[in-house]
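Please walk me through this protein model in plain terms. I would like to see how individual residues sit relative to the helices and strands around them.

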Amino acid sequence: MKRAIPVVVLSIAGLVPVWLYQPSSGTSTAQATTPAPSTSSSGTSGTSGTNVVTTTTIDTEKGPVQLQVTFDGTKITAVKMLQQPDHPQTTAAVPKLVAETLQAQSADIDTVSGATITSDAYKESLQAAIDDNAKAASASPPASASEASSRTVDGSALSTEKGPVQVQVTFDGTKITAVKLLQQPNHPQTTAAVPVLVAETLEAQSADIDTVSGATITSEAYKESLQAAIDARG
């Protein structure tokens, strides 16, 4: 049977936006989320990566206010109320505040009429979260050139008397990090040879590797397809 060498594949799936709101009761929470956009590994915002910031509690005459804000780089993707006043006007105001936050991508949003105290505390807490995220982003080292240039390349498909051979190679910069056989002969000697060929490739970091005894035809085709992938990497 065909044998495939595992390779790590990164995928980021977009999520369908979900709005959830629960009426306040004591320390119950209100939440509104929107998913981060699908991006490449380098991200589309100023920095890449998800960061969740929990703010300090702000005590108001109506009750405590505390937020949990999720960022994708510098983009606000979700806001959750960890603490909020147990009051009908707050219950009605929170979804509006969150919606405006996600649209404005800042704490420069309108105060909700009838919930001025909660609105002001919300905006203060939100700004603190934005500031904390900015500090965390500036403290993170930038992605290296090799991290930014990770890619997967398919080698040429070769027909042999034993069967087709084609490799798929994953590179991190110029380094070969994984090799997968997309096509290989359905033969016991090939099955045994493939792990040896892949191991030698990862060690040699080139197609200049030994032919596996008993699987000469597959080995030669493997090396040719591998070299084609290395050449195509650019």
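T55 sits in the loop that joins β3 (50–54) to β4 (58–59). The model is a predicted one. Is T55 buried or exposed? Its relative accessible area is 6%, and because buried means under 20%, T55 counts as buried. Setting aside residues up to four places away in sequence, T55 touches Q66, L67, S125 and A129. One of these, L67, is 12 residues from T55 in sequence, and the two C-alpha atoms are 5.6 Å apart in space.

S125 and A129, two of the residues that T55 touches, have numbers that fall within helix α2 (residues 116–139). This helix packs with helix α1 (residues 88–104) at an angle of about 35°, and the two axes are 10 Å apart. The crossing of α1 past α2 is right-handed. On the α1 side the contact is made by T90, L97, V98 and T101, and on the α2 side by T118, S119, Y122 and L126. Sorted by class, the contact of α1 with α2 comprises four nonpolar and four polar residues, with no charged ones. An α-helix has 3.6 residues a turn, so residues three or four places apart point the same way.

The loop between α1 and α2 contains Q105. This residue is not a glycine, yet its phi is positive, near 55°. Q105 has 26% relative accessibility and so counts as partly exposed. A second glutamine, Q205, is found in the loop between α4 and α5. Q205 also has a positive phi, of about 60°, although it is not a glycine. Its relative accessible area is 29%, so Q205 is partly exposed.

Beyond that loop comes helix α5, which covers residues 216–233. It has 18 residues and reaches 26 Å from its first C-alpha to its last, close to the 26 Å expected at 1.5 Å a residue. Which residues of α5 are buried? They are T218, S219, A221, Y222, K223, S225, L226, A229 and I230. What do these buried residues pack against? Their partners are the strands β7 (151–154), β8 (158–159), β9 (164–172) and β10 (175–183), together with the helix α4 (188–204). Just after α5, G234 takes a positive phi of about 75°.

S219 of helix α5 can be looked at more closely. Its relative accessible area is 0%, so S219 is buried. Leaving aside neighbours within four places in sequence, S219 is in contact with L197, T211 and V212. For V212 there is also a polar pairing: its backbone nitrogen lies 3.1 Å from a polar atom of the S219 side chain. L197, another residue in contact with S219, has a number within the range of α4 (188–204), one of the elements against which the buried residues of α5 pack.

The last step is to take the protein as a whole. How many helices and strands are there in the protein? There are five helices and 10 strands. Of the 234 residues in the protein, 36% are buried. Among contacts with a separation of 6 or more, 51% are between residues 24 or more positions apart.

Methods:
Residues are numbered from 1 along each chain as its sequence is written. This is a predicted model: local features need pLDDT of at least 70, side-chain atom pairs count only at pLDDT 80 or more; totals for chains, interfaces and linings use all residues. Side-chain values use heavy atoms; hydrogens and water are left out. Helices (H or I, at least four residues) and strands (E, at least two) are DSSP runs, numbered from the N terminus. The expected span of a helix is 1.5 Å times one less than its number of residues. Buried means under 20% relative accessible area, exposed over 50%, partly exposed in between (1.4 Å probe, protein chains only). Contact means heavy atoms within 4.5 Å. A polar contact is a pair of N or O atoms within 3.5 Å; within protein, one must be able to donate a hydrogen and the other to accept it, and residues adjacent in sequence count only if both atoms are side-chain atoms. Axes are lines fitted to C-alpha atoms, for helices over the stretch in contact, and angles run from 0 to 180 degrees between N-to-C directions. A crossing is left-handed if the near helix is turned anticlockwise from the far one by less than a right angle, and right-handed if clockwise. Ala, Val, Leu, Ile, Met, Phe, Trp, Tyr, Cys and Pro count as nonpolar, Asp, Glu, Lys and Arg as charged, and the others, Gly among them, as polar.
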